[in-house]
Amino acid sequence: MPVYEYRGQSINISENDSEYLGYFEAAREHRLVVKKCLDCGLLRGEPGPGCPWCTSLGWEWHEVSGKGTIYSYQIVAHTVVPAFRDWAPFPIVLVELDEQSGQPNPGDGLRLTANLLDGNMEPENEENVAIGRRVEVVYMDGEDGFTLPQFKLSNEPPRDQVWRYQT
Amino acid sequence: MAGKLSGKYCIVGIGETEYSRGSGRTTRAMGAEAIRNAMNDAGLKPEDVDGMMSYHGGDSTPSTAIQYDLGLRPNFYMDCSGGGSSTEALVGLAVGAIEGGMCDTVAIFRSMNGYSQIRIGGTGVRAASGITGPELFRRPYGLISAVQTFAFTFTRHMMEYGVTSEQLAHIKVAHSNHASNNPKALMKQRVTVEDVMNSRWIIRPCAHLLDCCLETDNATCIIVTSAERAKDLKQKPIFILGVQGRGTKPGGDFHYQHGPISRVAGHYVGPRVFDVAGVKHDDVDVTGCYDAFTYTTLLQFEDYGWCEKGEGKDYVTSGIINLGGKRPNNTSGGHLCEGYTHGMNMVIENVRQLRGTIDDYCPDWKEGKHTYDYSEGKCRQVKDAEISMNMGWGTPAVGSAMIMRR
Ligand SMILES: [Zn+2]
């Protein structure tokens, strides 16, 4: 993949990037993928070369539903990246995907970082950002062919307690 | 050190440059001055220092340049990539290098223009660099600075344990009170909980501006040698009882794939360092708990076992961590007020505490004469401090600790 430009930042995914290239190639086709171990069958949220549970180096990309829950969040009131200033304050969320939640050990999960966006692909209103809220993947397509997976609130009711800090 | 080296090595020299926001010179020039100051403090000549170590994030000058500037000829040197929690780890490695016969006396330094050149907060050159590798999962979302990298851990902690911003602010208040008695501190002004709450938000709900450390231009140096070699040096040696260097959580950089994410590396590092040092929590008179942000201090107090998990909010508001309290923390003002040095100044401060020669506003501090009046512009010496502990923070997943005795 060539070098892309996104919000003033240069995104460089090299042809030999065995961790992230396939992830962003799938994103361009609007598919969300994680790596699946060919030996023990477990999925992993960080697309590293080895399986954290059995050390196997054999893996394949595995498509997931793109549905999940906000596991943690931060509202960026002050950004150090100039091209994000027009977005501030904006939310960054840690999303726990539905697949393999709490497996293989309690507390484990497939967790991805993203911005929480609204229907216009703009930052979601801060009052709507809360741990426990249900989300689903959306794709932000750049003009130069770079697609960034993002998340938005889904219509599903929360499965558990919902929490946000009252400032 | 498995206990067998406990007390056999010591810190014999400490040195710093001015804490500033605009050094007007290179990291090489500052590094040379800090090492020279530490050598003078210890009473060591260039031929006596035959080891050099440093850590950096592509923002410093190598040992092999500075060796020329001071006429040193190391039998061993190592400049490694590092950040917070490297200080204690390098002290441990220096002990190992000496014990293994690679050298006799090691000068550990950190030099950075963290405000005027390569800003530690991520603005400028770091934010302008291209995005590759694991950064592809973070920086396209505007997640780059340290306060952001650690924030998911603390937001979740606030939910699980009901911590408030006001409680966090007490850490800044305590450290600012300490800094008001430190002529070197970059920010000497005492602040209140209201001041912290009224400063602008950086990351909600984890940090207001005054919850964040101060980007600083500074160099620091710590000299380690054997207790045997220390006998005829200038300063009272401060003995290293135990070190744990850069212990980690499961998952390392990707620790948030595992739970609980509100747990930090101190959970693993703490029991080991107390065991190696052969001391208990109650033996410790003064702590240096890394304050990159107020929340890093709170998280570490809990996981190092100074209180139960979830009770850090009570520990930091109880007065224990204040000068005059049971176990003061970061008596120099730490990263929040003295200046950000990636942990070096917190070890240096504790060496001074244990020597009894804190450089405060007491007229005869050099002779170890102190008033123990902790009001503004006065004393910051902890009375009769015998044992100290440092808790270095790298990330939620990476931490080091060191226990020292006078
Ligand atoms: Zn496996």
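Right after helix H2(B) comes Gly71(B), with a positive phi near 65 degrees. That is one small stop on this tour of a predicted model, which also takes in a zinc site with four cysteine donors in chain A and a nonpolar core of 109 residues. Here are the main points, grouped by topic.

**Helix H2 of chain B**
- Helix H2(B) covers residues 63-70, and its buried residues are Ser63(B), Ile66(B) and Leu70(B).
- These residues span an arc of only 70 degrees around the axis, so they sit on the same side of H2(B).
- The cover over these buried residues includes helix H1 (27-42) of chain B, along with strands S2 (51-56), S3 (76-81) and S4 (105-113) of that chain.

**The zinc site in chain A**
- The zinc ion takes its protein donors from the SG atoms of Cys37(A), Cys40(A), Cys51(A) and Cys54(A), at 2.3 to 2.4 Å.
- Angles among the 4 donor atoms run from 100 to 120 degrees, and the site is tetrahedral.
- For reference, the ideal angle for four tetrahedral donors is 109.5 degrees.
- Along the chain, the donors are spaced as C-x2-C-x10-C-x2-C.
- Cys37(A) counts as buried because its relative accessibility is 2%, under the 20% limit.
- Cys40(A), by contrast, is partly exposed, with a relative accessible area of 34%.

**The open sheet in chain A**
- Three strands of chain A make an open sheet, ordered S4-S3-S5 with antiparallel pairing.
- Strands S4 (43-44) and S5 (59-63) of chain A are at the edges with a single partner strand each, so each has one side without a neighbour in the sheet.
- Strand S3(A), residues 33-37, pairs with S5(A) through 5 bridges in the antiparallel sense.
- Within that part of the sheet, Val34(A) has His62(A) in S5(A) as its bridge partner.

**Strand pairing in chain B**
- Strand S8(B), residues 238-248, runs antiparallel to S1(B), residues 9-16, and 2 bridges join them.
- Ile238(B) in S8(B) stands opposite Ile11(B).
- S8(B) is also joined by 7 bridges to strand S11(B), residues 398-405, again antiparallel.
- Here Ile240(B) has Met404(B) in S11(B) as its bridge partner.

**Nonpolar cores**
- In the largest nonpolar core, of 109 residues, Tyr295(B) and Met389(B) have the most contacts.
- The biggest contribution to this core, 6 residues, comes from strand S7 (residues 90-97) of chain A.
- Another core, lying apart from it, has 32 residues, including Tyr9(B), Ile108(B), Val224(B) and Leu354(B).
- Leaving aside neighbours within four places in sequence, Tyr295(B) touches several residues, among them Ala146(B), Phe150(B), Phe154(B), Leu168(B) and Cys206(B).

**Backbone details to check in your viewer**
- The peptide bond from Gln103(A) to Pro104(A) is cis, with omega near -5 degrees; Pro104(A) belongs to the loop between S7 and S8 (111-117) of chain A.
- A cis peptide bond also leads from Gly259(B) to Pro260(B), with omega near -10 degrees, and Pro260(B) is in the loop between S8 and helix H10 (266-277) of chain B.
- Arg7(A) is not a glycine, yet has a positive phi of about 45 degrees; its loop lies between strands S1 (3-6) and S2 (9-12) of chain A.
- Thr55(A), also a residue other than glycine, has a positive phi near 65 degrees and is found in the loop between S4 and S5 of chain A.
- Thr55(A) counts as exposed because its relative accessibility is 64%, over the 50% limit.

Methods
Residues are numbered from 1 along each chain as its sequence is written. Chains are lettered from A and ligands numbered from 1 in the order in which they are written. This is a predicted model: local features need pLDDT of at least 70, side-chain atom pairs count only at pLDDT 80 or more; totals for chains, interfaces and linings use all residues. Side-chain values use heavy atoms; hydrogens and water are left out. Donors are N, O and S atoms within 2.8 Å of the metal (3.2 Å for Na, K and Ca); water is not among the atoms, so sites may look incomplete. Four donors count as tetrahedral if all angles lie between 85 and 135 degrees; four count as square planar and six as octahedral if opposite donors are over 155 degrees apart and all others between 65 and 115; anything else is irregular. Buried means under 20% relative accessible area, exposed over 50%, partly exposed in between (1.4 Å probe, protein chains only). Two strands pair if DSSP finds at least two bridges between them. Helices (H or I, at least four residues) and strands (E, at least two) are DSSP runs, numbered from the N terminus. The arc is that of the directions from the helix axis to the C-beta atoms. Contact means heavy atoms within 4.5 Å. A nonpolar core is a set of buried Ala, Val, Leu, Ile, Met, Phe, Trp, Tyr and Cys residues joined through side-chain atoms within 4.5 Å.
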